[in-house]
Amino acid sequence: MRTRGNAGFTLIEIIIAVAVIAILAGAVAPLAFKQLQSAKEEATRRELVAIRDAVADYHEDTGRLPADLTGLVSDDGRTGWAGPYLGADWNDPVNQVSRDAFELDYAYDLNPNVTPAGSADLIVASGGLNRGIDLLSGGNWDLSAISQVDDIVMHISANRLNRDNRRET
């Protein structure tokens with residue numbers, strides 16, 4: 001009970017306020033983490049779309065797929081190279097084109113072994129939230145299981161690669 005002239009909070013009021021704040025923080029933190037991870041996944045998907053488009057431009061100019069991602073941002077000596085195809089305004093394009101939104105290197109596989117056979121001539125993939133690529137096992141990419149994992153994958157078939165028919169999963 002407060003008497004006149006006694007200003008301030010009682011110990012029990014402070015404990016209750018701290019408990020309420022802790023409960024609210026405990027409820028909000030997982031939601032914020034989930035939103036952050038969703039934003040990273042979406043950013044990685046957007047990066048893969050940009051990489052797909054850059055690969056299409058590179059292929060159109062050189063008639064080949066790039067040996068690695070750096071060929072999209074710096075001249076790799078291929079006849080017809082007219083890039084950079086990606087990241088002209090980036091501070092560090094070689095590093096930025098090679099890493100996903102999770103700050104991990106993209107897996108880049110030119111002429112991959114894939115299931116189903118012949119479904120891709122190039123794969124660029126991110127491990128996603130679990131930071132590991134689940135579709136790759138023993139040197140073989142199992143694209144038939146793509147809906148069962150959190151990998152974020154872009155695959156290209158060179159014989160279908162042109163401006164009107166680009167392929168991404």
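Buried, in what follows, means under 20% relative accessible area. By that cut-off, 31% of the 169 residues of this chain are buried. Keep in mind that this is a predicted model.

Let me start with confidence. The chain has a mean pLDDT of 83. 91% of its residues reach 70 or more. Among the elements, helix α1 has the highest mean pLDDT, at 90. Strand β4, residues 136–137, has the lowest, at 81. One stretch calls for care. Over residues 163–169 the pLDDT is below 50. In the model, that stretch still has 22 contacts beyond near neighbours in sequence.

Now the overall layout. The chain holds 2 helices and 6 strands. In sequence order the pattern reads α-α-β-β-β-β-β-β. Is it a compact globule or more spread out? The radius of gyration is 24 Å, and the globule rule gives 15 Å for 169 residues. The chain's value is well over that, so the chain is more spread out than a compact globule. The C-alpha trace spans about 90 × 35 × 30 Å along its principal axes.

What about contacts along the sequence? Take the contacts with a separation of 6 or more. Residues 24 or more positions apart make up 52% of them. As for surface, about 10,200 Å² is accessible. Carbon and sulfur atoms account for 54% of that area.

On to the sheets. One is an open sheet of 3 strands, ordered β1-β3-β6, and its pairing is antiparallel. Which strands stand at the edges? They are β1, residues 107–110, and β6, residues 152–156. Each has a single partner strand, so one side of each has no neighbour in the sheet. Neighbouring strands here are turned against each other by 10 degrees on average, direction ignored.

Look at the β3–β6 pair. Strand β3 covers residues 122–126, and 5 bridges join it to β6. Two of the partnerships are worth finding on screen. Ser126 has Ile152 as its bridge partner. Val124 stands opposite Met154. Helix α1, residues 11–62, packs on this sheet and touches both β3 and β6. The direction of α1 makes about 10 degrees with that of β6.

Stay with β6 for a moment. It is an edge strand, yet 5 of its 5 residues are buried. Which way do its residues point? Ile152, Met154 and Ile156 point one way. Val153 and His155 point the other way. In a regular strand, side chains alternate between the two faces of the sheet. In β6, the residues on both sides are buried, His155 included.

Next, the other sheet. It is open too, with 3 strands in the order β2-β5-β4. Its pairing is mixed. The edge strands are β2, residues 113–115, and β4, and each pairs on one side only. Strand β4 runs antiparallel to β5, residues 140–142, and 2 bridges join them. At one position in this pair, Ser137 stands opposite Asn140.

Last stop, helix α2. It covers residues 93–98, and Ser98 lies in it. Does Ser98 count as buried or exposed? Its relative accessibility is 19%, so Ser98 counts as buried. What does Ser98 touch, leaving aside neighbours within four places in sequence? Its contacts are Leu69, Thr70, Leu104, Asp105 and Tyr106.

To recap: a spread-out chain, an open antiparallel sheet with α1 packed on it, and an open mixed sheet.

Technical notes: Residues are numbered from 1 along each chain as its sequence is written. This is a predicted model: local features need pLDDT of at least 70, side-chain atom pairs count only at pLDDT 80 or more; totals for chains, interfaces and linings use all residues. Side-chain values use heavy atoms; hydrogens and water are left out. Two strands pair if DSSP finds at least two bridges between them. Helices (H or I, at least four residues) and strands (E, at least two) are DSSP runs, numbered from the N terminus. Axes are lines fitted to C-alpha atoms, for helices over the stretch in contact, and angles run from 0 to 180 degrees between N-to-C directions. Contact means heavy atoms within 4.5 Å. Buried means under 20% relative accessible area, exposed over 50%, partly exposed in between (1.4 Å probe, protein chains only). pLDDT is the predictor's confidence in each residue, from 0 to 100. The radius of gyration is taken over C-alpha atoms; the globule rule is 2.2 Å times the number of residues to the power 0.38. Accessible areas come from the Shrake-Rupley method with a 1.4 Å probe; for residues, only the protein chains shown count as cover.
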